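Here are some notes to read alongside the model. They go point by point, from strands to helices to domains, with a few backbone details at the end.

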Amino acid sequence: MAVIPSALEITRDIVRMDTRNPPGREIECATYLGNLLSGAGIEVNYYEFAKDRTSLVARLKGEGDKPAICFGGHIDVVPLGTKDWTVDPFGAEIKDGKLYGRGSTDMKAGIAAFVHTALKLANEGRKGKADMVMAICAGEETGCEGSFHLAEVDALGEAGCVVICEPTSNYPMIGHKGALWLRVETKGKTSHGSMPEQGDNAIYKAARSVSKLEDFDFNIAPHELLGKSTLNVGMFNGGLNLNSVPDHSEFTIDIRTLPDQNREKLLDGIKGYLGAENKVESLVNVGGVHTPHEDPWIQDVYQVMEALLDEPIEPRGAPYFTDAAAIKPACGHPPTIIIGPGEMKMAHQTDEYCPVDHIDQAVEIYETLTRRWCGL
Ligand SMILES: [Zn+2]
């Protein structure tokens with residue numbers, strides 16, 4: 001029997017690979033994981049949405065026509081931030097039961113846990129009733145480009161259930177909101193600051209739009225699990241110097257949408273609400289997801305997790321968006337759970353870490369779910 005690297009070893013190896021996005025450059029990490037998987041006889045295909053922006057889809061084949069169980073996640077990580085780290089962000093050091101490094105929590109530990117699970121199952125050599133598919137995506141942090149690309153080229157095929165391994169401290173989440181991120185630009189005419197009547201002030205226009213947005217009504221009922229749709233203006237820029245009338249101003253809008261909300265209609269609504277003086281450009285547009293907790297597979301997951309965590313599981317949603325926005329529809333909208341070893345509060349933080357024991361627990365969870373689904 002081949003020696004299989006542990007999930008912890010795989011996590012450490014890939015945390016040491018710099019996949020900061022921007023610029024991304026996931027190719028090295030994708031190839032490392034692809035080689036591990038194909039070395040165990042698992043089918044691997046690579047997909048690039050841009051140069052060196054590599055995603056991969058791996059498939060541990062079963063027999064029969066039951067649709068696959070699909071695991072998904074991303075291998076890009078966010079930049080380091082402005083604060084100094086007290087550890088090497090690409091050192092994968094272990095201290096006091098914590099594995100430190102950028103991407104340890106979000107979400108290379110989750111990726112490593114399902115890759116290790118697949119290697120272990122492949123090594124057993126038995127065929128399950130369904131395939132185990134792994135969608136390992138580039139470019140999630142900047143709007144799920146990698147997973148949307150996989151959907152576009154039809155790389156995934158049908159699945160019966162989806163497990164997204166984003167950080168939840170191994171608590172099962174059954175949904176998350178979507179996001180619509182916009183840049184709005186206003187234009188005017190410059191003139192000397194002592195003669196403002198000869199100009200047209202772009203900042204005044206933008207300021208009027210921003211205050212109007214404070215009262216924007218989504219006109220949609222709150223979601224049973226995820227609550228209300230929200231809006232935030234996070235950036236505002238304009239003007240070049242104190243004594244000129246500004247001819248340009250821009251600001252951004254971060255809208256968190258509900259799973260059933262029509263984002264195209266919403267975008268048109270915002271454009272109409274702000275008026276023609278505002279040029280609205282969409283930067284990120286990803287949907288929310290939700291599977292009702294009554295779904296039989298979700299109930300099955302809850303049962304597994306109740307035994308493992310030794311507590312009753314309540315329906316919860318995640319605050320962030322994930323690759324599920326692309327993967328769930330691409331797989332034919334099967335029930336989808338978000339569960340992973342990372343600590344939600346450590347995502348995108350300075351001195352990011354993942355508890356080592358969570359990684360082992362995630363392996364146990366992914367293995368149990370795959371064995372139950374595939375009858376292994
Ligand atoms: Zn993430």
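Which residue is the bridge partner of Val57 in β6?

1. Ala135 is the bridge partner of Val57. Before going further, please keep in mind that this is a predicted model, where local features need pLDDT of at least 70, side-chain atom pairs count only at pLDDT 80 or more, and totals for chains, interfaces and linings use all residues. Residues are numbered from 1 along each chain as its sequence is written.

2. Val57 and Ala135 belong to a pair of antiparallel strands, β2 (residues 53–60) and β6 (residues 130–137), joined by 5 bridges. Strands here are DSSP runs (E, at least two residues), helices are runs of H or I with at least four residues, and both are numbered from the N terminus. Two strands count as paired if DSSP finds at least two bridges between them.

3. That pair sits within an open sheet of 6 strands, ordered β1-β2-β6-β3-β7-β14 with mixed pairing. The edges are β1 (43–50) and β14 (336–338); each has a single partner strand, so one side of each is left without a neighbour in the sheet. From one strand to the next, the twist averages 15°.

4. Helix α9 is worth following through the model. It lies across β3 (66–74), β6 and β7 (159–164), and runs at about 160° to β3. For the angles, axes are lines fitted to C-alpha atoms (for helices over the stretch in contact), and values run from 0 to 180 degrees between N-to-C directions.

5. α9 (residues 356–374) also packs with α3 (residues 104–124), at an angle of about 50° and with the axes 9 Å apart. The two are therefore oblique to each other, on a scale where angles under 35 degrees are roughly parallel, over 145 roughly antiparallel, 65 to 115 roughly perpendicular and the rest oblique. Their crossing is right-handed, meaning that the near helix is turned clockwise from the far one by less than a right angle (anticlockwise would be left-handed).

6. Which residues make the contact between α3 and α9? From α3 they include Ala109, Ala113, Phe114 and Leu121, and from α9 they include Ile359, Val363 and Tyr366. Contact requires C-beta atoms, placed from the backbone, to lie within 7 Å. By class, there are 9 nonpolar, 4 polar and 2 charged residues; Ala, Val, Leu, Ile, Met, Phe, Trp, Tyr, Cys and Pro count as nonpolar, Asp, Glu, Lys and Arg as charged, and the others, Gly among them, as polar.

7. α1 meets α9 as well: their axes come within 9 Å and cross at roughly 120°. That makes α1 oblique to α9, and this crossing is right-handed. Ala7, Leu8 and Thr11 in α1 touch Val356, Ile359 and Val363 in α9, a contact with 5 nonpolar, 1 polar and no charged residues.

8. On the domain level, the assignment gives domain 1 (7–176 + 288–374) and domain 2 (178–286); such bounds come from an automatic or database assignment. The C-alpha centres of the two domains lie 34 Å apart. Their contact takes 11 residues from domain 1 and 9 from domain 2, and the domain 1 side has 6 nonpolar, 5 polar and no charged residues.

9. Finally, some backbone geometry to look at. Pro22 and Pro23 are joined by a cis peptide bond, with omega about 0°, and Pro23 lies in the loop between α1 (7–15) and α2 (27–39). The peptide bond from Asp106 to Met107 is also cis, with omega near -10°, and Met107 is found in helix α3. Asp96, in the loop between β4 (94–95) and β5 (98–100), has a positive phi near 50° without being a glycine.

Technical notes: Contact = placed C-beta atoms within 7 Å.
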